[in-house]
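Here is a walk through one protein chain, meant to be read with the model open beside you. We'll take the sheets before the individual side chains.

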Amino acid sequence: MKDCIILHHLFTGDCLIMHACICHYAEIYNNIYIFCLERNKTFIKQLYSKMNVIPVVIPQKEHNKHKLPYAPPLTYIKKFLPSLKDYKLIKTSNSFLENGKISDEWNKSNHIIWFKKFYFLANVPYSIRQKYRNINRNHKRELELYNKVINIYGEKYIFVHDHRNIHYKHTRNIFLNEKMILNENYPIFHPSINFYNNKNHKYYNLWNADFITDNILDLCMVIEKSYKINIIDSAFLHLCSYLDLSNVTEKKILNHNALPSSLTILDPSYIDWIKY
């Protein structure tokens, strides 16, 4: 058996959590096939461009037909990989059906916290994430975006992220409290929207839609060089575990019921993060 298909959750943060699992199996099999949301294709293709991992991009119109928005159903294998016959199948999602029914495998592992379940179902120890700490970065693209930001915001800015976005409405809709974050001394940079609602605020006119990128990895340098970080439980938290944040003076995350009691359970690199 030379090939392997890994079915895992498709949202951006989940893809970052599963990176080590995919890297592990890429050392065992000739080819690893994974499914990818259309909106994440640039990010996923860069993440695995130097590896024997083949992302299969699912057209959004096709994916919208199902009641399983965050994972690929089993039917995708026959539909998008019809010529693949001899392969190992690894299922780590909580559902594999188009109707979104939760799988028995997932329910039987309810004693395990959700992000560790992915690895449990893949038969890989969660601790293996520490072995694969490097992600494939494009420093040229990162530098271009970073320079674009500091040319307007200056070198001292606060990086924030929540579910606000000028292009779509997120299903979870978790927002940061602006009054708790607004800082008159340092401008706040949000990668997806102008964080300032007050048009009279002195920093209101800094943001523009040119900052938006279709690849979360473009923001690595912007995050690493920020003065402070204040985010929600989103893909950016999981991206931060791969970054060097030693020069960031404060790292804060809004508490949410999906977070573990201690962030270090998720990853040891969160040792100095403040959950509030």
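Two strands count as paired when DSSP finds at least two bridges between them. Keep in mind that what you're looking at is a predicted model.

**The four-stranded sheet**

With that rule in hand, start with strand 1 (residues 3-7), which pairs with strand 2 in the parallel sense over four bridges. Strand 1 also pairs with strand 4, again in the parallel sense, and here the count is five bridges. On the other flank, six bridges join strand 2 to strand 3 (residues 53-58), and those two run parallel. Put together, this is an open sheet of four strands in the order 3-2-1-4, with parallel pairing. Its edges are strand 3 and strand 4 (87-91), each of which pairs on one side only. Going from one strand to the next, the twist averages 25°.

If you'd like some landmarks to click on, try Asp3. Its bridge partner in strand 2 is Asn31, and Tyr87 in strand 4 stands opposite Asp3 too. Further along, Ile34 has Pro55 of strand 3 opposite. How does the chain get from strand 2 to strand 3? It crosses through helix 3 (residues 41-47), and this β-α-β crossover is right-handed.

Is strand 2 mostly covered or mostly open? Mostly covered: of the seven residues in strand 2 (residues 31-37), six are buried. Helix 2 (residues 19-26) lies across strand 1, strand 2, strand 3 and strand 4, and it runs at about 155° to strand 2.

**The five-stranded sheet**

There's another open sheet, built from five strands in the order 6-5-7-8-9, and its pairing is parallel. Strand 6 and strand 9 (274-275) are the edge strands, each pairing on one side only. Within this sheet, strand 5 (residues 158-161) and strand 7 (residues 228-231) pair in the parallel sense over four bridges. A handy landmark here is Val160, which stands opposite Asn230 in strand 7.

Here are the strand pairs with their bridge counts side by side:

| Strand pair | Sense | Bridges |
|---|---|---|
| Strand 1 and strand 2 | parallel | four bridges |
| Strand 1 and strand 4 | parallel | five bridges |
| Strand 2 and strand 3 | parallel | six bridges |
| Strand 5 and strand 7 | parallel | four bridges |

**Two buried side chains**

His190 sits in the loop between strand 6 (188-189) and helix 10 (220-224). Is His190 buried or exposed? Its relative accessible area is 0%, under the 20% cut-off, so His190 counts as buried. Its side chain still has polar company: it makes a polar contact with the side chain of Asp162 at 2.9 Å. The His190 side chain also reaches the backbone nitrogen of Ser192, at 3.0 Å.

Phe115 belongs to helix 7 (residues 114-121). Phe115 counts as buried because its relative accessibility is 0%. Which residues does Phe115 touch, leaving aside its neighbours within four places in sequence? They are Ile17, Tyr126, Pro260, Ile265 and Leu266. For a link across the sequence, look at Phe115 and Leu259: they are 144 residues apart along the chain, yet their C-alpha atoms are separated by 9.7 Å.

Notes: Residues numbered from 1 in each chain as written. Predicted model: local features only at pLDDT ≥ 70, side-chain atom pairs only at ≥ 80, totals over all residues. Heavy atoms only, no water. Buried < 20%, exposed > 50% of the residue type's maximum accessible area, 1.4 Å probe, protein only. Polar contact = N/O pair within 3.5 Å; in protein donor to acceptor, adjacent residues only side chain to side chain. Contact = heavy atoms within 4.5 Å. Right-handed = clockwise from strand over helix to strand, strands pointing away. Axes fitted to C-alpha atoms, helices over the stretch in contact; angles between N-to-C directions.
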